[in-house]
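Hello,

Here is the structure I promised to pass on to you. Have a look at it first, and then read my notes below.

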Amino acid sequence: MFTLAEVASLNDIQPTYRILKPWWDVFMDYLAVVMLMVAIFAGTMQLTKDQVVCLPVLQSTVNSKAQPGTSGKADFTTVETTTGQGEETSMRTVSFGSAPTVTPDVPLSRATSSQYQPTESGQELKKEQKDSLGRKTNLDFQQYVFINQMCYHLALPWYSKYFPYLVLIHTIILIVSSNFWFKYPKTCSKIEHFVSILGKCFESPWTTKALSETACEDSEENKQRLTGAQSLPKYVSTSSDEGSPSASTPMITKSGFKFSADKPMIEVPSVTILDKKDGEQAKALFEKVRKFRAHVEDSDLIYKLYVGQTVIKTVKFIFILCYTANFVNTISFEHICNPKVEHLIGYTQFECTHNMAYMLKKLLISYISLICVYGFICLYTLFWLFRIPLKEYSFEKVREESSFSDIPDVKNDFAFLLHMVDQYDQLYSKRFGVFLSEVSENKLREISLNHEWTFEKLRQHVSRNAQDKQELHLFMLSGVPDAVFDLTDLDVLKLELIPEAKIPPKISQMTNLQELHLCHCPAKVEQTAFSFLRDHLRCLHVKFTDVAEIPAWVYLLKNLRELYLIGNLNSENNKMIGLESLRELRHLKILHVKSNLTKIPPNITDVAPHLTKLVIHNDGTKLVVLNSLKKMTNVAELELQNCELERIPHAIFSLSNLQELDLKSNSIRTIEEIISFQHLKRLTCLKLWHNKIVNIPSSITHIKNLESLYLSNNKLESLPAAVFSLQKLRCLDVSYNSIALIPVEIGLLQNLQHFHITGNKVDVLPKQLFKCVKLRTLSLGQNCITSIPDKVSQLVQLTHLELKGNCLDRLPATLGQCQLLRKSGLVVEDHLFDALPSEVKEVLNQDTSIPFANGI
């Protein structure tokens with residue numbers, strides 16, 4: 001037999017799960033407890049009381065009842081008998097008609113012998129008949145027990161015997177069915193996680209703060225209180241959620257809170273203060289809710305399991321009701337028993353009484369009543385489950401009552417759990433919805449961000465770049481701190497990996513800001529802020545993954561001078577997107593595109609007449625279509641790097657204003673088309689480095705205005721004399737080729753200032769090289785040079801001399817006569833420098849500040 005404590009443990013659900021138990025589940029749990037008590041009470045009574053009591057039915061009594069003349073009245077007489085021990089016992093016998101009376105204190109064996117066996121003496125028989133009016137049966141206690149036990153199993157209906165146990169089993173099954181979804185591993189883990197998160201969201205200070213601010217956002221009382229609050233001092237970081245709503249209309253529609261940037265930020269401690277620890281916990285809750293939603297929303301196992309267990313309980317109710325109703329009338333007080341043991345007792349039939357029948361019948365009726373109530377509740381539960389789509393949950397009311405209009409609708413198990421919570425208290429789902437809102441999350445991030453990044457901390461991160469401008473670089477923050485816009489002397493602002501960057505009207509305070517970097521940062525700009533950027537911003541860098549990440553307002557910055565676009569423009573996702581029109585960028589002069597283009601975007605032609613510099617850096621993707629270049633008549637600088645070009649594009653020859661051409665890192669093998677450059681009268685710089693050029697055609701002499709020629713990292717084996725006919729050439733770079741000889745014609749380049757031939761096979765330096773007296777940079781490293789002529793002293797303007805990696809055994813002492821050369825500009829092995837005369841080393845070790853100031 002089960003104890004109450006053991007059975008009750010089946011219903012031992014954690015108290016926190018009560019929020020997922022609607023009123024019908026709670027009511028059914030109580031009904032199950034009552035049914036359990038009925039089963040235990042009935043079982044206890046059966047164990048503690050006698051089952052049945054049976055008396056034999058005399059055959060003569062039955063016959064006399066059958067005779068028509070037999071009187072139906074019973075005569076009650078009291079007979080006194082004396083036992084063998086001399087004790088007197090008074091008993092009441094019942095005689096029907098002329099039937100003999102049965103004395104129950106006489107053993108059944110003696111009654112049998114007196115009925116069938118002759119007496120030993122006639123005197124004894126006469127004495128017995130004289131002493132008693134009834135028939136002596138001589139029954140003893142063991143024979144009574146024997147008959148009672150046999151008749152209990154034979155005559156008593158099975159339902160009367162096993163009713164308590166059936167009720168117990170049915171109740172246990174119903175209890176298990178009601179709580180199975182709390183115990184099944186695949187649902188228990190999700191439910192436990194949900195209840196834990198829900199409780200933390202309900203108690204989170206951020207939930208109270210967000211809802212309270214929402215409730216009083218538009219109230220007149222709150223506005224008056226905010227008006228009376230004191231403004232914070234300048235340069236103090238404040239939360240962007242305080243203050244009255246901004247009068248300006250955002251350029252990009254925003255949902256949720258409205259922020260003011262035109263008025264001073266104000267703070268009300270009772271509303272806006274959020275402990276740092278609470279803020280971190282709230283941010284962790286947002287992440288947990290996001291992951292839990294992704295984990296639960298894709299399945300409906302919990303819903304199906306709950307529906308399944310409700311159907312099982314309903315079927316169980318119908319089954320119990322059907323078979324129990326048939327057995328109500330079988331529980332009766334009187335039963336006829338035919339044990340077939342007349343050879344032992346002498347009687348064939350017994351009449352038995354079931355002393356528990358009345359109580360069991362009452363308990364059974366009570367049990368049927370409880371089952372009926374239980375079943376009706378199960379039917380209501382099924383009606384509720386299928387009446388509305390429980391796999392969908394809408395936060396429409398929460399969105400209407402709060403500013404969090406972006407709370408998404410949820411589905412599947414997530415929706416079902418929220419429907420169950422609503423049956424407990426709808427306030428739970430309302431407070432939980434705060435952590436599904438991106439507006440709420442962004443608001444929290446802004447508050448935490450402003451607490452962490454104060455004006456003083458931001459000032460410490462300001463540095464000066466190579467152009468001697470004040471620069472601030474913010475990396476991987478949750479947003480842009482408000483205090484950034486108090487740095488009014490900032491020149492360059494870099495925002496990198498800030499997905500929720502917002503530029504408020506306060507940026508108008510940054511009057512020195514002219515350069516903005518947005519690296520994977522699709523910043524949103526309000527209307528007033530955009531007006532400021534449109535009029536003041538001069539340089540913009542945008543680094544992106546998809547073209548859609550480029551903010552739409554970028555294409556409207558009419559005063560923008562330089563635009564740098566770095567990202568993927570040719571992927572499958574971007575084929576249908578493309579760049580928007582650049583027609584509004586009327587002052588754009590420099591366009592830098594670093595991507596994987598196969599053709600020049602047609603929208604670039606919108607600004608083609610204004611461009612003076614176009615840079616296209618590919619990642620190795622072959623640039624095929626270049627006809628758009630013909631429209632860029634004003635381009636002075638053109639760079640086509642890493643575009644897998646095999647020849648010089650013919651479209652370039654139409655650029656009459658071209659001054660500098662850079663074709664670095666392509667696959668150009670021959671440059672015979674270079675003769676067409678004679679039409680480019682203004683071309684002064686030609687960069688063909690990092691290609692596969694084998695030789696230089698003599699037609700290069702036609703580029704008479706060429707001043708810089710870069711041919712490093714090619715496959716040149718010699719330098720033709722035609723190169724040295726370019727009298728205006730000031731820089732010649734042929735490093736990292738296979739050149740073995742420097743032609744003597746190099747002396748003709750009287751304007752040559754920079755000569756780089758590092759990484760070749762040169763072994764002898766011609767004397768004519770030192771006639772180029774204007775040389776400032778001479779790079780001769782990593783060759784096979786064995787000696788440096790003393791005529792190096794003629795290079796009086798030399799500031800940089802590279803000799804490292806040759807076969808030199810000494811340096812000429814005449815190096816000391818190179819007035820501008822210092823040790824920092826002399827790249828050579830240490831032992832060669834140490835071998836120089838001390839006076840030469842002293843000259844080279846002199847202060848270099850003045851010479852370098854007048855150097856390169």
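**Strand 16 and its neighbours**

Strand 14 (residues 515-519) pairs with strand 16 in the parallel sense, over five bridges. Please keep in mind as you read that this is a predicted model. Strand 16 itself covers residues 539-543. One bridge to look for is that between Leu-518 and Val-542, the latter in strand 16.

Strand 16 also pairs with strand 17 (residues 562-566): these two run parallel and are joined by five bridges. Here you can find His-541 with its bridge partner Tyr-564, which belongs to strand 17. How much of strand 16 is buried? Four of its five residues are, so the strand counts as mostly covered.

**Aromatic pairs**

Now to the rings. How many aromatic pairs are there? The count comes to 24. One of them is Phe-286 with Phe-435: the ring centres are 4.9 Å apart and the planes stand at 45°, so this pair is tilted. Phe-286 is in helix 12 (residues 276-296), while Phe-435 is in the loop between helix 18 (426-433) and helix 19 (438-452), so the pair ties together parts that lie 149 residues apart in sequence.

Are these two rings buried or exposed? Phe-286 has a relative accessible area of 2% and is buried. Phe-435 also counts as buried, at 2% relative accessibility.

Tyr-380 and Phe-383 make another tilted pair, with 6.5 Å from centre to centre and 45° between the planes. Both residues lie in helix 15 (residues 357-387), where they are three residues apart, or about one turn of the helix. Tyr-380 counts as partly exposed because its relative accessibility is 35%, and the range for that class runs from 20% to 50%.

If you follow the rings on from there, you will come to a cluster: Tyr-380 and Phe-383 form one aromatic cluster together with Trp-23, Trp-24 and Trp-384.

**Charges over rings**

Which charged residues lie over the face of a ring? Arg-431 is one of them, placed over the face of Phe-202 at 4.8 Å from the ring centre. Arg-431 falls within helix 18 (426-433), the helix before the loop that holds Phe-435. Another is Lys-664, which lies over the face of Trp-689, 4.9 Å from the ring centre.

I hope these notes help you find your way around. Do write back if you have any questions!

Best wishes

Notes:
Residues are numbered from 1 along each chain as its sequence is written. This is a predicted model: local features need pLDDT of at least 70, side-chain atom pairs count only at pLDDT 80 or more; totals for chains, interfaces and linings use all residues. Side-chain values use heavy atoms; hydrogens and water are left out. Buried means under 20% relative accessible area, exposed over 50%, partly exposed in between (1.4 Å probe, protein chains only). Two strands pair if DSSP finds at least two bridges between them. Rings of Phe, Tyr and Trp (its six-membered ring) pair if their centres lie within 6.5 Å; planes under 30 degrees apart count as stacked, over 60 as edge-to-face and the rest as tilted. A charge sits over a ring if NZ of Lys or CZ of Arg is within 6 Å of the ring centre and within 35 degrees of the ring normal.
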